[in-house]
Amino acid sequence: ISPAADPVLKGAKVFRSEQLYTCMNLSFPFPCVLVCDRVTGEEEIPENCLAVLTRDSPDMLSHIAVRARNEKVLLATCHDESEFESIKVKEAVPIEDLEAMGGDAGEGKWFALETTASGSVTYKRVDPPKEGEGKGQHAATSKRNLKISSPKWVGKYAVGMDEFVSDVVGAKSKNLAGLRDKIPDWINLPSSLTIPFGTFEHVLDDCGENAEISKEIAKLTRKNVVDRDPERCLEEAKQLAMGVYIPDEMWGALVEGMGSSGIEWTLNTSKDGTEEREQIAQAVKSVWASKFNLRAYYSLNKARLNFMDVRMAVLIQKVVNAEYAFVIHTTNPSTGDEGEIYCEVVKGLGEVLVGNYPGRALSFTCDKEALARGEDKSMLAVESFPSKSVGLYLPESLMFRSDSNGEDLEGYAGAGLYDSVPLHYPEPLRVDYSNDPIMTDPKFRKDLLTKVARVGLELEEVLGSPQDIEGCLDKEGNVYVVQTRPQM
């Protein structure tokens, strides 16, 4: 799922844990390997962890897979249950033993993992490194010299695409604006409006109604306080953020901004519209509050960044009634082949894909040169057929997307750290791919996959670098790109 930087990895210890989630807060004092039964796709990888072995099968383009590749951490699935149990019992020690080790891995053989040319992983015990040979590999994240700036509020509660610029909105908004007038007419961009950087901090600090909330959040997020009990402090900060008062001026700006941005949505601000207004307020505040997500805190901490420097813009878009959703990496993430596009497709909304719902997506590769020349032969190669049993559907709604200054720093994969929230929650429905034309009609499948691959080819050419693209197709086959970012 994620190859390591080196074909051979050597760790001092192998630890086992039921869930990767419970290990996110750890910082290993020596290079190690984690064996986890459960990997959901939303976790953060602990510092100085060289490899994660699991019986789960995270999607190639899930958030955990993207972050693992960015940090050059081996993420591998063991499909042999007896072999997985053998590693857990014979090679690994409980994660609870780490504290008693006191930073000393002790004597004994190290654990080596080797990735073969075919992508298989073998393991064996090896002698520890000799004096002068170093102590094994270390995770790349802590070595980077990353910086995060904290943009000031621009004095507006909402901005349209013409104002999607640096220090006002995040990369999601800017990248969409950068595609305007540069892509073919058959690729659609949803109408968009963004609540800019610093709006949350302005509302929190400059509205008298929020004075007490501001004071309490400041206490909870002081470094010497939050570092002692991050789970409790951040959860309390999130709950306080959900109680923030939103001023009337902001509502007026949202109503006006939606109209001028082409978002066909009547924001009812009358007394009869109180319920809808409260739903929108909850969605906006949920995105703001995700600044205090535990996994984001651990990820930024590992990168030596202060989570309180994060500024959260909110990208508002009309939800497309998706028949199929897709994620595209325009350089194959598994092989690093720049001449090959890798894509995954599911029925319904894309959260089923990036959220690592059980089962596999339809995944395929496409040769860029053959696609550009319009060749049919051997252009597409299906890697896996779909087996996900659930699709998410949302016919009429708005999506409020996190668009922070901490998600797309150069050399840092922040995708999935913060929350994107729909105005209404999608309905999960059972799906049967066996009766879907994507399985039963070869011509339909070929045309759909070719169209998806062409999206990747077009956007990479316009933006000039490999892209990580999310989009969908509606029932009529119209293509929409909802976000794109540089591929990590």
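How do the residues of the lining of the second largest pocket divide into nonpolar, polar and charged, and what else lines this part of the model? The structure shown is a predicted model, and the second largest pocket is a suitable place to begin.

This pocket holds about 860 Å³ of space. Its lining consists of 37 residues, and those closest to its centre are I1, L75, A76, T77 and G119. Several elements give two or more residues to this lining, namely the strands β5 (74–77), β7 (110–115), β8 (121–126), β13 (340–347) and β14 (362–367), together with the helix α2 (81–91). The greatest contribution comes from β5, with 4 residues. By class, the lining of the second largest pocket comprises 17 nonpolar, 14 polar and 6 charged residues, which answers the opening question.

The largest pocket has a volume of about 1000 Å³. It is lined by 45 residues, and E351, M399, R401, S420 and V421 lie nearest its centre. The residues of this lining divide into 21 nonpolar, 13 polar and 11 charged.

Attention may now turn from the pockets to a pair of helices. Helix α8, which spans residues 230–241, packs against helix α11, residues 294–302, at an angle of about 125°, and their axes are 10 Å apart. The two helices are therefore oblique to each other, and their crossing is right-handed. On the side of α8 the contact is made by P230, E231 and L234, while α11 supplies L294, Y297 and Y298. Sorted by class, the contact of α8 with α11 has 5 nonpolar residues, 1 charged residue and no polar ones.

Notes: Residues numbered from 1 in each chain as written. Predicted model: local features only at pLDDT ≥ 70, side-chain atom pairs only at ≥ 80, totals over all residues. Heavy atoms only, no water. 1 Å grid on protein atoms, 1.4 Å probe; cavity = no way out; pocket = protein on both sides within 12 Å on 5 of 7 lines; lining within 4 Å. Points joined across faces, edges and corners; volume = space filled by probe spheres on them. Nonpolar A, V, L, I, M, F, W, Y, C, P; charged D, E, K, R; others polar. Axes fitted to C-alpha atoms, helices over the stretch in contact; angles between N-to-C directions. Parallel < 35°, antiparallel > 145°, perpendicular 65-115°, else oblique. Left-handed = near helix turned anticlockwise from the far one by under 90°. Contact = heavy atoms within 4.5 Å.
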